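These exercises go through one protein model step by step. Try each task with the structure in view before you read the solution.

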Amino acid sequence: MSRIGSEGEDIIGRWSEEKLDLLAKYLKAYSVIMNEQKKSWLRAYYYIDAFAGSVRPRAKEDEQRYIDGSPLRALQTEPQFDGYWFVDVSPKRVERVQGLRAEFPNCVIDVRQGNCNEILCNEIVPQLPYASKQRAFVFLDPYGLQVDWETVRELASTRTCDIFVNFSVMGVTRLLPREQNPEPEVIEQLTKVMGSTNWITEIYRETPGIQLGLFGNPTEPTSSRDTIQAEWLASLYTKQLKLLFPHVSRPVLMRNSTNSVLYALCLASHNQTAIKITNEIFNQYEKLRDLRR
Ligand SMILES: C[S@@+](CC[C@H](N)C(=O)[O-])C[C@H]1O[C@@H](n2cnc3c(N)ncnc32)[C@H](O)[C@@H]1O
């Protein structure tokens, strides 16, 4: 997990750096393909960072080492995107992001301060209708449960925006009490983030592990609160994404130094090739990670 340093800086663990490496790899592939499409039908393609962050977070294991955050990874991608939207709720972080204009004078950079759910739905999505022949890659990288399901729905309905989401599995698990059923406010909060919470009733039933027909799949075993697995929660989220996007990658689980799952990273896209590329990048990453252990 990242923690806040001075002046809105982030101090990030090894897994966050790995997440950024996965992002950079995918952005490279995406940009090469989209640039090629510009020779025919495509007018422009954009990078949208809804949780832009502190630009150069420090490494947890060595606070003197600065890491290139997601806006830098995007700006360094070749070929360049036609434009970059960076959003963050924190004025201090937005100030840092604004500084990137001087560093990358040849890039078209639009910086917005505020809640990304509102900015995406009210200011950015209306600029990307299907008929405009524009496309965008949206990175959703919150600390916790800040991405509203309605925002995901809006982005999917454009058919122009793909999303790369870092879904907080840990954020969901923390909200689910072990000793009692969750309060209505918790259910409301999780519905806001995941779209559906039918699964909550299932995991608080007394008999665990029975076949419950979750999301219309009668053969799938579910979980109970005591045995709930990160993999299962991650696949719940990707199943939900499949209701909105035609193609969704498998989730890759991002683990901290003690091997606990913090997040699940996945791509939801309108293009099947994008998913094939993402799954290959994820597979390669997991193989290397297993070798290091
Ligand atoms: C995990 S950090 C982003 C890290 C960045 N993507 C990176 O990889 O370098 C999350 C960021 O989201 C911002 N944030 C939190 N809630 C937000 C919201 N509702 N809308 C936009 N930004 C938000 C925080 O200020 C923080 O900078």
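**Exercise 1. Find the contacts of Leu 140, then place this residue in its strand and in the core.**

Step 1. Leaving out residues up to four places away in sequence, Leu 140 touches Ala 50, Phe 51, Val 147, Ile 163, Phe 164, Val 165 and Asn 166. Contact here means that the C-beta atoms of two residues, placed from the backbone, lie within 7 Å. Two remarks apply to the whole exercise set. Residues are numbered from 1 along each chain as its sequence is written. The model is predicted, so local features need pLDDT of at least 70 and side-chain atom pairs count only at pLDDT 80 or more, while totals for chains, interfaces and linings use all residues.

Step 2. Strand E8 covers residues 134-140. Helices (H or I, at least four residues) and strands (E, at least two) are DSSP runs, numbered from the N terminus. Two strands pair if DSSP finds at least two bridges between them. E8 is joined to strand E9 (residues 161-167) by 5 bridges, and the two run parallel. In E9, Val 165 is the bridge partner of Leu 140.

Step 3. Strand E3 (residues 44-49) is joined to E8 by 6 bridges, also in parallel. Here Tyr 45 has Arg 135 of E8 as its bridge partner.

Step 4. Of the 7 residues of E8, 6 are buried, so the strand is largely enclosed by the rest of the structure. A residue is buried if 20 or more other C-beta atoms lie within 10 Å of its own, exposed if 12 or fewer, and partly exposed in between, with C-beta atoms placed from the backbone.

Step 5. The largest nonpolar core has 74 residues, and Leu 140 is among those with the most contacts inside it, as are Ile 48, Ala 50, Val 138, Ile 163, Phe 164 and Val 169. Such a core is a set of buried Ala, Val, Leu, Ile, Met, Phe, Trp, Tyr and Cys residues joined through C-beta atoms within 7 Å. At least three residues of this core come from each of domain 1 (3-176 + 235-292) and domain 2 (177-227). The domain bounds come from an automatic or database domain assignment.

**Exercise 2. Describe how the two domains meet.**

Step 1. The C-alpha centres of domain 1 and domain 2 are 28 Å apart.

Step 2. In the contact region, 11 residues of domain 1 meet 13 residues of domain 2. On the domain 1 side, helix H7 (169-175) and helix H10 (230-242) each supply at least two residues. H10 gives the largest share of that side, 4 residues.

Step 3. Sorted by class, the domain 1 side has 8 nonpolar, 1 polar and 2 charged residues. Ala, Val, Leu, Ile, Met, Phe, Trp, Tyr, Cys and Pro count as nonpolar, Asp, Glu, Lys and Arg as charged, and the others, Gly among them, as polar.

**Exercise 3. Describe the surroundings of the ligand.**

Step 1. The ligand is surrounded by 18 residues, and the closest are Phe 51, Gly 53, Gly 69, Ser 70 and Cys 116. A residue counts as near if its C-beta atom, placed from the backbone, lies within 6 Å of the molecule.

Step 2. By class, this shell has 8 nonpolar, 7 polar and 3 charged residues.

**Exercise 4. Follow the side chains of strand E11 and find its partner.**

Step 1. In E11 (residues 252-255), Val 252 and Met 254 point to one face and are buried, while Leu 253 and Arg 255 point to the other and are not. In a regular strand the side chains alternate between the two faces of the sheet.

Step 2. E11 and E12 are joined by 4 bridges and run antiparallel. Met 254 stands opposite Tyr 263 in E12.

Step 3. The two strands form a hairpin with 5 residues between them, and Asn 259 in the turn has a positive phi of about 75°.

**Exercise 5. Is Arg 159 buried, exposed or partly exposed, and what is its phi?**

Step 1. Arg 159 lies in the loop between helix H6 (149-158) and E9.

Step 2. Arg 159 has 14 other C-beta atoms within 10 Å, so this residue is partly exposed.

Step 3. The phi of Arg 159 is positive, near 60°. Most residues other than glycine have a negative phi.

Step 4. Arg 159 is among the contacts of His 270, which sits in the loop between strand E12 (261-269) and helix H11 (272-292).
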